[in-house]
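Reader: I'd like to go through a model with you, rings to begin with and a sheet after that. Could you take me through how to read such features?

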Amino acid sequence: MLLSVRSGAFAYRGAPRLFSDLSFTLSPGEILAVLGPNGAGKTTLLRAVTGMLPWTEGKTLLDGEDIRTIPPRSLWRRIAYVPQARTAASPFTVLESVLLGRSGHIPLLGAPRSEDLARAEEVLDALSISHLREKKCTQISGGEMQMVLIARALAADPAVLILDEPESNLDFRNQLLVLDTMTRLAREGIACLFNTHYPDHALQRADRAILLHHGTAAVGEAAEIVTEENIARAFGVRAVVGAMETGETTVPHVQPLSVVSPDETPDGEETGAALAALTVISDTADAADAINGCLHEYGDMILGRMGMPVRARGVWIIHVNADGDRARIRAMLLRLSRIPGVRVKAVWGPQ
Amino acid sequence: MKKRKDGGLSPAARIVLLLLPAAAALVSLCIGRISFTPAEVFSAFGGGDSLAAVTVLRLRLPRILTALLVGAGLSAAGCAFQALFANPLATPDTLGVASGASFGAAFGILLGFGMTGIQLTALAAGALAVALTWLAGAGRREFGAIVLSGIMIGSLFSALVSLVKYTADAESQLPAITYFLMGSLQSSGYRTLLFGAPPILICCTVLFLLRWRMNLLPLSEDEARASGVRLSRLRAAVVVCATVITASCVAMCGQVGWVGLLVPHACRMKFGSNHLSLVPASLCVGAAFLTLVDTAARSVSAAEIPVSILTALAGAPLFIVLMRRTD
């Protein structure tokens with residue numbers, strides 16, 4: 001486990017606690033989303049986790065070491081922070097901006113060396129924004145700026161990436177670009193912690209989620225946190241958490257319907273036992289372990305013995321029947337759908 | 001001039017920038033009430049009692065050295081303040097240093113001190129002004145509070161300068177104070193350099209060494225902290241250097257306006273915002289600029305024109321031309 005928060009609590013001076021007794025861990029390659037209404041303290045939480053704000057209670061451990069005891073230079077070589085894209089204050093070029101991310105590797109009185117320059121160029125290449133390198137940050141679009149900020153964070157070669165609403169204020173395409181980049185980085189082993197206003201994004205991208213609301217913080221599997229009940233309670237919005245079938249697979253989807261008063265409890269569509277037949281198609285054999293792991297975890301719901309996967313036209317086909325809580329079956333479905341190269345759909349039995 | 005990938009200066013730019021102050025100094029050594037050829041100037045460095053040797057070594061050289069130092073210093077300080085406040089319009093006076101040092105100098109003149117005494121009171125009052133600014137603005141989380149208190153302390157010391165002028169003897173002291181504050185390198189000599197040069201040289205060196213790090217200053221608080229640099233220390237180092245330079249300059253030759261605003265700005269248009277090249281460029285261009293302007297100040301007319309008037313007269317049009325030429 002890379003990063004962990006133990007019994008964290010935070011309050012601004014003279015104000016009630018934004019959250020208390022918050023504990024969670026973040027492992028390499030894992031994505032953790034922070035959700036919550038405006039003012040719930042999402043950005044505050046990220047800042048407290050990184051030590052930019054001191055915890056009122058509790059602590060953050062990085063590789064088991066309290067971050068308060070880690071000198072900033074070495075701390076910020078392991079953790080990188082991506083602020084919200086905003087208009088650049090200083091008209092640095094993109095390359096100069098990305099080089100600033102190397103600060104932790106450059107001596108106090110030094111200037112970037114060729115290896116720093118090489119790393120910066122490498123990161124620009126990896127994010128496919130090399131063409132911007134000589135452009136001034138004041139002259140690029142918001143989407144491009146967000147990619148530059150991610151590049152700057154990656155230039156430090158961090159193990160943990162903290163992103164503050166990375167997809168806010170961006171159009172559809174740029175949102176996808178940024179989220180895809182984050183997902184790819186996580187697959188390469190970087191642990192990502194990000195804030196978001198979109199429950200969809202938490203469901204689609206994150207392994208686990210934290211929901212901040214009225215001084216409480218719920219932590220758990222993304223599919224267990226992003227539920228209709230939680231959304232109604234935290235956001236005061238009646239929403240349908242569903243799985244949307246695309247041509248190929250199933251993607252989690254949250255559709256807000258109407259504003260409700262927070263104490264109104266939504267009707268429990270999500271609960272109750274259900275029967276489902278899942279069909280999984282995997283493009284690669286590499287996904288086998290992840291699929292087996294996931295099925296094993298929900299093993300108590302699986303009906304009968306699973307047969308051997310069928311191989312045809314270069315893909316593997318697996319059939320699974322499940323009997324259990326509707327929400328849990330959906331959680332399993334969403335977990336499977338997030339495994340790279342895996343498509344999954346379900347046929348539901350009568351309630 | 002093609003920029004290097006890391007934002008540093010190309011070799012060609014380095015040579016040009018280094019030659020600039022040297023050329024300005026040579027021109028300045030030749031020109032004056034009595035003109036010399038470069039050959040005469042070079043032979044004057046051999047010493048002796050010739051007219052050329054006396055004029056060049058005793059009168060012009062210390063003044064030119066002062067101009068080079070003050071020009072470089074004010075430009076570097078301006079550069080530092082502009083980075084610190086993420087505002088290209090910040091000047092070396094933003095924290096109230098120049099007003100404080102001016103008050104010190106005026107007070108020194110009022111008490112009838114000699115040049116060295118005036119220099120020391122100016123330095124002391126400049127330091128006091130910064131300390132007051134820091135105290136008034138400290139404890140607040142936002143850095144903007146420091147700027148506001150700097151403006152307040154600055155106007156407080158401006159009022160004190162007026163008070164000193166009001167109490168001063170109208171026949172002798174008042175004109176002396178007024179001329180001094182207008183900014184003039186007339187009274188500079190090796191003796192003023194003795195106290196003035198070391199702090200400027202040291203602080204300019206520190207700023208030069210920190211030049212790449214200064215790029216972090218205009219970033220937002222979180223971004224700068226996330227770079228792993230102890231921002232408060234970096235800020236403190238830059239503030240101390242820039243204020244010491246400014247106070248030393250005012251102590252030597254009064255308030256020379258415009259250089260600290262104009263030179264870094266002009267350099268930014270030419271070399272970009274990366275301090276890796278901006279700081280050295282500002283140092284060199286500032287030194288050359290003030291040397292040339294001071295040469296004009298002492299040789300254009302029989303009576304010397306205060307250098308501050310000329311920096312503004314020469315600077316403003318130059319600046320507009322530059323601004324219109326860059327996109």
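Reader: Are A:Phe19 and A:Trp55 buried or exposed?

Author: A:Phe19 and A:Trp55 are both buried in this predicted model.

Reader: How do I read a pair of rings in general?

Author: You describe a pair of aromatic rings by how far apart the centres are and by the angle of the planes. Over all chains, the count here is five aromatic pairs. Take A:Phe10 and A:Tyr12: their ring centres are 4.9 Å apart and the planes stand at 85°, so this pair is edge-to-face.

Reader: And how accessible are A:Phe10 and A:Tyr12, buried or exposed?

Author: A:Phe10 has a relative accessible area of 4%, so call it buried. A:Tyr12 comes out at 37% relative accessibility and counts as partly exposed.

Reader: Back to A:Phe19 and A:Trp55, then: what is the geometry of their rings?

Author: The centres lie 6.2 Å apart with the planes at 75°, so A:Phe19 and A:Trp55 are edge-to-face. A:Phe19 belongs to strand β2 (residues 19–26) of chain A, while A:Trp55 is in the loop between α1 (42–50) and β4 (57–62) of chain A, so the pair ties together parts 36 residues apart in sequence.

Reader: Which residues form an aromatic cluster in chain B?

Author: That one is made of B:Phe103, B:Phe107 and B:Phe157.

Reader: Where do charges sit over rings?

Author: In chain A, look at A:Arg326, which lies over the face of A:Trp348 at 4.6 Å from the ring centre. In chain B, the charged end of B:Arg211 is over the ring of B:Phe208, 4.1 Å from its centre.

Reader: Now the sheet. What's the general idea?

Author: Strands in a sheet pair through backbone hydrogen bonds, and the pairing is either parallel or antiparallel. In chain A, four strands make an open sheet with the order β14-β15-β13-β16 and antiparallel pairing. The edges are β14 (310–312) and β16 (342–348) of chain A; each has a single partner strand, so one side of each has no neighbour in the sheet. From one strand to the next, the twist averages 25°.

Reader: How many bridges join β13 and β15 of chain A?

Author: Strand β13 (residues 273–282) and strand β15 (residues 315–325) of chain A pair over 10 bridges, in the antiparallel sense. Within that pairing, A:Val280 is opposite A:Ile318 in β15(A).

Reader: What packs on the sheet?

Author: Helix α11 (residues 326–338) of chain A does, touching β13, β15 and β16 of chain A. The direction of α11 makes about 160° with that of β16(A).

Technical notes. Residues numbered from 1 in each chain as written. Chains lettered and ligands numbered in written order. Predicted model: local features only at pLDDT ≥ 70, side-chain atom pairs only at ≥ 80, totals over all residues. Heavy atoms only, no water. Phe/Tyr/Trp six-rings, centres within 6.5 Å; stacked < 30°, edge-to-face > 60°. Buried < 20%, exposed > 50% of the residue type's maximum accessible area, 1.4 Å probe, protein only. Helix = DSSP H or I, 4+ residues; strand = E, 2+ residues; numbered from the N terminus. Lys NZ or Arg CZ within 6 Å of the ring centre and 35° of its normal. Pairing = 2+ DSSP bridges. Axes fitted to C-alpha atoms, helices over the stretch in contact; angles between N-to-C directions. Contact = heavy atoms within 4.5 Å.
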